[in-house]
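User: I'd like to learn how to read a model like this one, feature by feature. Could you put it up and walk me through it?

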Amino acid sequence: MGHLKLILWSRLLFLRLFVLVAAVLLSVPPRGALADSPLFAAREGVALGGYDTVAFFDVGEAVAGQARYSVVWKGVIWRFASQSNQIRFEMNPRAYAPMFGGYCASAMARGVLKAGDPQLWVIVDGRLFLLNNEGALTRWRAQAAQLIAEADAHWPAALHPE
C-alpha cells in the first residue's frame with residue numbers, strides 16, 4: 001500500500017508541476033507582442049495620470065482619483081474620486097474611457113502615438129478626447145469633425161507600427 005501512495009503522490013506532484021509550467025508559459029506574451037504599444041496610454045500602469053474619467057463628463061474638469069477607488073480594466077488601473085464614479089465606470093467602461101486609448105487625438109489624426117494630457121481635453125458627441133498641447137487643443141476645437149475622421153482611420157493600427 002505504501003508503494004501505491006508513493007506512485008500516486010509522485011503523479012500528483014508531476015501534474016501540479018505541469019500545470020504550473022503551462023500557466024507560466026501561457027501568461028508570457030509572444031515576442032512580437034512585446035513591441036506593441038498598450039491599448040491605453042498609462043504612466044506607471046495608471047490611466048489618465050490617475051484622473052477620474054467619469055468626472056470629465058459629470059463635473060466638467062479633471063478631478064484626481066483616489067487609489068481606494070480603483071479598478072483594473074484593459075490592463076491598466078483606473079482611479080476615481082468616489083465609489084459612485086467607480087461603479088458607474090464598471091457598469092459601462094466604454095462610455096467613459098477616452099477615445100484612442102487616451103493618446104493625443106490630434107497626433108492620432110496623423111497616425112502618431114503621443115500621450116494625451118488629462119488637463120487638455122474635449123468632449124465631442126459624448127466622447128472624451130485628450131490632446132497633448134495647447135496648439136493641438138486649439139486645432140482640435142476648430143476642426144474636430146475632420147480630425148476625428150482622420151484619427152478613426154488610424155486607430156487602432158497606430159498601436160502596431162511596422
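Analyst: Sure. Keep in mind that this is a predicted model. Let's begin with helix H3, where the buried residues are Asn85, Gln86 and Phe89. Seen down the helix axis, these buried residues fall within an arc of 100°, so they line one face of H3.

User: Why would residues with that kind of spacing end up on one side?

Analyst: The general idea is that an α-helix has 3.6 residues a turn, so residues three or four places apart point the same way. Back to our case: on the other side of H3, Gln83 and Met91 are exposed.

User: What do the buried residues of H3 pack against?

Analyst: They pack against H2, strand E3 (66-73), E4 and H4. Take Asn85, which sits in H3 (residues 83-91). Asn85 has a relative accessible area of 11%, so it counts as buried. Beyond its neighbours within four places in sequence, Asn85 is in contact with Asp52, Val54, Ala55, Asp58 and Phe80.

User: Asp52 is on that contact list. Where is Asp52 found?

Analyst: Asp52 is in the loop between strand E2 (46-47) and H2. For a buried charged residue, a handy check is to look for a partner of opposite charge. Asp52 is buried but has no salt bridge. The nearest side chain of opposite charge is Arg88, and that is 7.9 Å away, while the salt-bridge cut-off is 4 Å. As for what does surround Asp52, its contacts outside the four-place window are Val63, Ala64, Gly65, Arg79, Phe80, Ala81, Ser82 and Asn85.

User: Let's go on to the nonpolar cores. How should I read those?

Analyst: Start from the general trend: in soluble globular proteins, nonpolar side chains tend to be buried together. Here the largest nonpolar core has 19 residues, and the members that touch the most others are Phe100, Ala105, Val122, Val124, Phe129, Leu131 and Trp140. Helix H5 (105-108), strand E5 (117-124), strand E6 (127-131) and helix H6 (134-154) each supply at least two residues of this core.

User: Which of those elements gives the largest share?

Analyst: That's H6, with seven residues. For a view from a single residue, try Ala105: not counting residues up to four places away in sequence, Ala105 touches Phe100, Phe129, Leu130, Leu131, Trp140 and Ala151. There is also a second, separate core of 18 residues, which includes Trp73, Tyr96, Leu128 and Leu130.

User: Next, the rings. How many aromatic pairs are there?

Analyst: The count comes to 12 aromatic pairs. To read one, look at the distance between ring centres and the angle between planes. Phe40 and Trp78 have centres 5.1 Å apart and planes at 80°, so this pair is edge-to-face. The pair links distant parts of the chain, 38 residues apart: Phe40 is in the loop between helix H1 (2-27) and strand E1 (42-43), and Trp78 is in strand E4 (residues 76-80). Phe40 and Trp78 are both buried.

User: Could you show me another pair, and anything bigger than a pair?

Analyst: Phe57 and Tyr96 also make an edge-to-face pair, with 5.5 Å centre to centre and 80° between the planes. Phe57 lies in helix H2 (residues 53-58) and Tyr96 in helix H4 (residues 93-96), so the pair ties together parts 39 residues apart in sequence. Phe57 has 24% relative accessibility, so it counts as partly exposed, whereas Tyr96, at 13%, counts as buried. Beyond pairs, Phe40, Trp73, Trp78, Phe80 and Phe89 form one aromatic cluster.

User: Last topic: the backbone. What should make me stop and look?

Analyst: Most residues other than glycine have a negative phi, and most peptide bonds are trans. So check the exceptions. Glu44, in the loop between E1 and E2, has a positive phi, near 55°. At 77% relative accessibility, Glu44 counts as exposed. Asp125, in the loop between E5 and E6, has phi near 50°. Its relative accessibility is 75%, so Asp125 counts as exposed.

User: And which peptide bond is cis?

Analyst: The one from Trp155 to Pro156, with omega near 0°. Pro156 lies in the segment after H6.

Methods. Residues numbered from 1 in each chain as written. Predicted model: local features only at pLDDT ≥ 70, side-chain atom pairs only at ≥ 80, totals over all residues. Heavy atoms only, no water. Core = buried A, V, L, I, M, F, W, Y, C linked by side-chain atoms within 4.5 Å. Buried < 20%, exposed > 50% of the residue type's maximum accessible area, 1.4 Å probe, protein only. Helix = DSSP H or I, 4+ residues; strand = E, 2+ residues; numbered from the N terminus. Contact = heavy atoms within 4.5 Å. Phe/Tyr/Trp six-rings, centres within 6.5 Å; stacked < 30°, edge-to-face > 60°. Lys, Arg positive; Asp, Glu negative; His and termini not counted. Arc of directions from axis to C-beta.
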